[in-house]
Amino acid sequence: MPLSPDRKIILITGASSGIGEATARLLAARGHHVVLGARRTDRLEALVQDIRAAGGDAECHGLDVTEAEDVRAFVDSAHRVHGRVDVMVNNAGVMPLSKLEALKVDEWNRMIDVNVRGLLHGIAAALPLMRGQRHGQFVNVASIGAHAVSPTAAVYCATKYAAWAISEGLRQEVGGDIRVTTISPGVTESELADSISDPVGREEMRTYREVAIPASAVAEAIAYAVGQPPEVDVNEIVVRPTASPA
């Protein structure tokens, strides 16, 4: 199908579930071509089949955002096939919460690798292409944890503060050709909590998630930012449950 000016090539990391999956479905339904990346390729392939069956356009690639070369290959492949990369949604993230005294050092490092290095790898891969084509947009998924810290979430919040800071620095550096949006969801229905191995962190999150919004609500926020005219840069959207106290 020929690309119309309103139809964008949109890359999404962490697309196999949660916010990434919901965003892929919504943007494809609105006529964009989505290029999906994640480690769970079986789920990606099923998602692509669903999108195509509904009349949308999608493709997928196995992707580990902690590997810079992997991310570069993901982005370069889309650029080579489609001639441009309009939007890079850096969504991949992990959230194995625990108190610092639990000394879950491996989990701390995993969060830093995925939530911070993975974001930087996405920027490093797509920014030169967007510079060359003189347009583009980064949508970086942070968290309400970028604005407030809670017990068991110190390291997770630190990675999301970093995501916010990186996004803001990028926005200031890129000038008028490239847009930068940070999406900061509050409690959202997803599989992130499944990675919590610490019993205290798991219980904290169970209580915290008693009020949650669906991933589709965050997808709508992303679609809103992507859908603005080129001269409008939506820099940050915070999406919380209406009843959320924090």
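This is a short walk through one protein structure, from the overall layout down to a few single residues.

A word on the source before the details: the model is predicted. The protein contains 7 helices and 7 strands. Along the sequence they come in the pattern β-α-β-α-β-α-β-α-β-α-β-α-α-β. There are 246 residues in the protein, and buried residues make up 50% of them. If we take the contacts with a separation of 6 or more, 71% of them join residues that are 24 or more positions apart.

Let me start with the sheet. The 7 strands form an open sheet, and the order across it is S3-S2-S1-S4-S5-S6-S7. The pairing is parallel. At the edges stand S3 and S7, the latter being residues 236-239; each has a single partner strand, so one side of each has no neighbour in the sheet. From one strand to the next, the twist averages 15 degrees. As general background, strands of a sheet pair through backbone hydrogen bonds, and the pairing can be parallel or antiparallel.

Now to strand S2. How many of the residues of S2 are buried? The count is 6 of 6, so to speak of S2 as mostly covered is fair. In a regular strand, side chains alternate between the two faces of the sheet. In S2, His33, Val35 and Gly37 point one way, while Val34, Leu36 and Ala38 point the other way, and all are buried. On one side, S2 is joined to S1 by 5 bridges, with the two strands running parallel. In that pair, Ile10 stands opposite Val34 of S2. S2 also pairs with S3, again in the parallel sense, over 6 bridges. There, Gly37 has His61 in S3 as its bridge partner.

Next, helix H2, residues 41-53. This helix has 13 residues and spans 18 Å from its first C-alpha to its last, close to the 18 Å expected at 1.5 Å a residue. Which residues of H2 are buried? They are Leu44, Leu47, Val48 and Ile51. Looking down the axis of H2, these buried residues fall within an arc of 100 degrees, so they line one face of the helix. The general rule behind such spacing is that an α-helix has 3.6 residues a turn, so residues three or four places apart point the same way. The face of H2 turned away from the buried side carries exposed residues, namely Asp42, Gln49 and Ala53. And what do the buried residues of H2 pack against? Their partners are helix H1 (18-29), strand S2 (33-38) and strand S3 (57-62). After H2 comes Gly55, with a positive phi, near 95 degrees.

On to the interior. The largest nonpolar core has 36 residues, and those with the most contacts inside it are Leu11, Val75, Met88 and Phe138. The elements that give two or more residues to this core are strand S1 (9-13), helices H3 (68-82), H4 (105-133) and H5 (154-174), and strand S6 (178-185). H4 gives the most, with 9 residues. Apart from this core lies another, of 34 residues; among them are Ile10, Leu26, Leu44 and Leu47. Two of the residues just listed, Leu44 and Leu47, we met among the buried residues of H2. Back in the largest core, Leu11 touches Val35, Phe74, Val75, Ala78, Val85, Val87, Met88 and Val89, leaving out residues up to four places away in sequence.

Two residues to finish. One is Gly122, placed in helix H4. Is Gly122 buried or exposed? At 0% relative accessibility, Gly122 is buried. Leaving out residues up to four places away in sequence, Gly122 touches Val71, Met88, Asn90 and Phe138. Gly122 and Met88 are 34 residues apart in sequence, yet their C-alpha atoms are 7.5 Å apart in space.

The other is Tyr156, in helix H5. H5 lies across strand S5 (136-141), S6 and S7, and runs at about 160 degrees to S6. Tyr156 has a relative accessible area of 8%; under 20% counts as buried, so Tyr156 is buried. Its C-alpha atom is separated by 9.8 Å from that of Glu107, a residue 49 places away along the chain.

That is where I will stop.

Note on methods: Residues numbered from 1 in each chain as written. Predicted model: local features only at pLDDT ≥ 70, side-chain atom pairs only at ≥ 80, totals over all residues. Heavy atoms only, no water. Helix = DSSP H or I, 4+ residues; strand = E, 2+ residues; numbered from the N terminus. Expected span 1.5 Å × (residues − 1). Buried < 20%, exposed > 50% of the residue type's maximum accessible area, 1.4 Å probe, protein only. Arc of directions from axis to C-beta. Contact = heavy atoms within 4.5 Å. Core = buried A, V, L, I, M, F, W, Y, C linked by side-chain atoms within 4.5 Å. Pairing = 2+ DSSP bridges. Axes fitted to C-alpha atoms, helices over the stretch in contact; angles between N-to-C directions.
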